[in-house]
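These are my notebook entries on one structure. Each entry records what I looked up and what I found.

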Amino acid sequence: MKLRSLHLTNVRKFTGKRASITGIGSGITVLSEANEFGKSTFFDAMHALFFEKYGSNAKPVKSLQPYAGGAVEVAAGIETDQGGFLIEKRFLARKMARIVRLSDRATIAQDDEAERWIGKLLGAAGGGLAGLLWVRQELVGLEPEGSKEKTQLTETRRDLLSSIAGEIDTMTGGRRMDRVMRRLAEDLAGIATKTGRKSGAWKAAAEEVEALAADLARLTAQVDTLEDALAHRKMDDALLLRLDHPDAKVRRDEAVLAAQAAMEAVRAHAGLVNATRQERDITALHAKGTKSDLDAFLAAIDALTAAQLAAQSTQDMAELAEADAATLAERLKATKAAAEAARATLVLARAALDTARHQVGARKARAEVAYLAARVVKAEAAQTDHDMAAARVKASVATPDWLAEAEVATNDVARLAAAVQAQSTSIHITYSGDVRIALNGAPVAGGSPYRLTVMRGWICRESGK
């Protein structure tokens, strides 16, 4: 196993931040920074990643949590004979462990299975090579507290450090060190100036590093894009798999049939709407024609009303004239009878007068004649009144033809009134609130049918009809 990268999130001084060490090669990697820069934090986090369970609340795990609290996340990129992997753990909150294969970003183990995968990777023993080489500020950190094993392991680490210190002293003392320094100066002169600036192979390597870093950033962006595309492809494949499922096909077919039925219903409704519109247009035309007929009917009513008033006046005058004529006729008849009687009496009186002339009492006969003459004058006056009444009857406009036209107009009025009655509309009013409909200034009660008749632009109500 080779360590290639280490990533910390919300660990100690990196509160709410992500800190990473990347680009770890196959040779010796030196991590050199000032004190309190976070070097020990990385080593302690890496120790927890490999040797602490993800569900642990032990002191080494809690020591990684910052003062602000929250979950602690540690991840490491490694390389093995089977390929590259990413080991991830989250401690203290929303705990989890996961192993991701970097070649296809697939999760190959989670939680307890991930812990077993890590244990198999490191080996069964807590000591061994891993324990020997895991040196953290003179302690391995794997041994139990207060045990003989810890004492033995501590002595082993101390012996190891002593051997390493001896090798360092041998290397840094005497002529060997002079030769090393001289060789370093010669090598450095080929790649740097006297002022320490890069030149030669070092400068070319630095430029190549910068170019490679730019390529790495570009390729990293491409990788991220491809990873997103792969994730979308996985989701699309899953969706396609669900869509290809027989049950999904049955549901789609049912949905298609339901949609087709809905479409047919919509089309039928559209046809009904079109038919309703046509019927509405026809009704509007009928209403327009009915309004014209109504206007003509109202005009006829006005003419008929005037004719009825004139006919009534003429009829009244005719009745008065006929009554006067009858009275005058009776008076004329009586006058004629009286005149005939008077003439007969006059003849007799004249005969008597002739006789009376020869008789005593001629004066009395003359008085009688005077009386009869006065009656004749009255009879002639009655004849004059009769003639004047006859003239008034003759001058009247109430002729038989005019009365016949008035009767025809009356029949037309009755026919048009029946047509208006047939085209009127009955409504039934029901109230649900306090508002009431007013008709001629009076509220209309609910619950009874009302017939609406269009009359000169006003809607009139005929209750019960």
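**Entry 1: Thr-41.** I began with Thr-41, which lies in helix α1; helices (H or I, at least four residues) and strands (E, at least two) are DSSP runs, numbered from the N terminus. The model is a predicted one, in which local features need pLDDT of at least 70 and side-chain atom pairs count only at pLDDT 80 or more, while totals for chains, interfaces and linings use all residues. Residues are numbered from 1 along each chain as its sequence is written, and side-chain values use heavy atoms, with hydrogens and water left out.

Is Thr-41 buried or exposed? I found Thr-41 to be buried, as its relative accessible area is 8%; buried means under 20% relative accessible area, exposed over 50%, and partly exposed in between (1.4 Å probe, protein chains only). I then listed what Thr-41 touches, not counting residues up to four places away in sequence: Leu-8, Val-11, Arg-12 and Phe-14. Contact here means heavy atoms within 4.5 Å. I also looked up Ser-63, which is 22 residues from Thr-41 along the chain; their C-alpha atoms are separated by 9.7 Å.

**Entry 2: the aromatic pairs.** I noted that the structure holds 2 aromatic pairs. Rings of Phe, Tyr and Trp (its six-membered ring) pair if their centres lie within 6.5 Å; planes under 30 degrees apart count as stacked, over 60 as edge-to-face and the rest as tilted. Phe-14 and Phe-42 have ring centres 5.9 Å apart and planes at 65°, so I entered the pair as edge-to-face. This pair links distant parts of the chain, since Phe-14 belongs to strand β2 and Phe-42 to helix α1, 28 residues apart. Both Phe-14 and Phe-42 are buried.

**Entry 3: the sheet.** I next traced an open sheet of 6 strands, whose order is β2-β1-β3-β4-β5-β6 and whose pairing is antiparallel. Two strands pair if DSSP finds at least two bridges between them. Why do β2 and β6 each have one side without a neighbour in the sheet? The strands β2 (14-21) and β6 (106-110) stand at the edges and have a single partner strand each, so one side of each is left free of a neighbour in the sheet. From one strand to the next, the twist averages 15°.

I examined two of the pairings. Strands β1 and β2 pair in the antiparallel sense over 5 bridges, and His-7 stands opposite Ser-20 in β2. The hairpin of β1 and β2 has 2 residues between the strands, and Arg-12 there takes a positive phi near 50°. Strand β4 (residues 83-91) is joined by 6 bridges to strand β5 (residues 96-101), and the two run antiparallel. Ile-87 stands opposite Ile-99 in β5.

**Entry 4: helices on the sheet.** Helix α3 (residues 111-122) packs on the sheet and touches β3, β4, β5 and β6; its direction makes about 65° with that of β5. Helix α1 (residues 39-51) lies across β1 (2-11), β2, β3 (72-80) and β4, and runs at about 105° to β1. For these angles, axes are lines fitted to C-alpha atoms, for helices over the stretch in contact, and angles run from 0 to 180 degrees between N-to-C directions.

**Entry 5: positive phi and one more residue.** Most residues other than glycine have a negative phi. I therefore recorded Asn-10, which is not a glycine but has a positive phi of about 60°. Asn-10 is found in strand β1 and is buried, with a relative accessible area of 10%. Asp-111 also has a positive phi, near 50°; Asp-111 is in helix α3 and is partly exposed, at 30% relative accessible area. Lastly, I looked up Thr-80 in strand β3. Thr-80 counts as buried at 14% relative accessibility. Leaving aside neighbours within four places in sequence, Thr-80 is in contact with Met-1, Phe-85 and Leu-121.

**Entry 6: the whole chain.** The protein chain has 10 helices and 11 strands, and buried residues make up 21% of its 465 residues. The chain averages a pLDDT of 77, and 76% of the residues score at least 70; pLDDT is the predictor's confidence in each residue, from 0 to 100. Over residues 124-133 the pLDDT is below 50, and this stretch has 9 contacts in the model beyond near neighbours in sequence. Where pLDDT is low, the predicted coordinates should not be read in detail.
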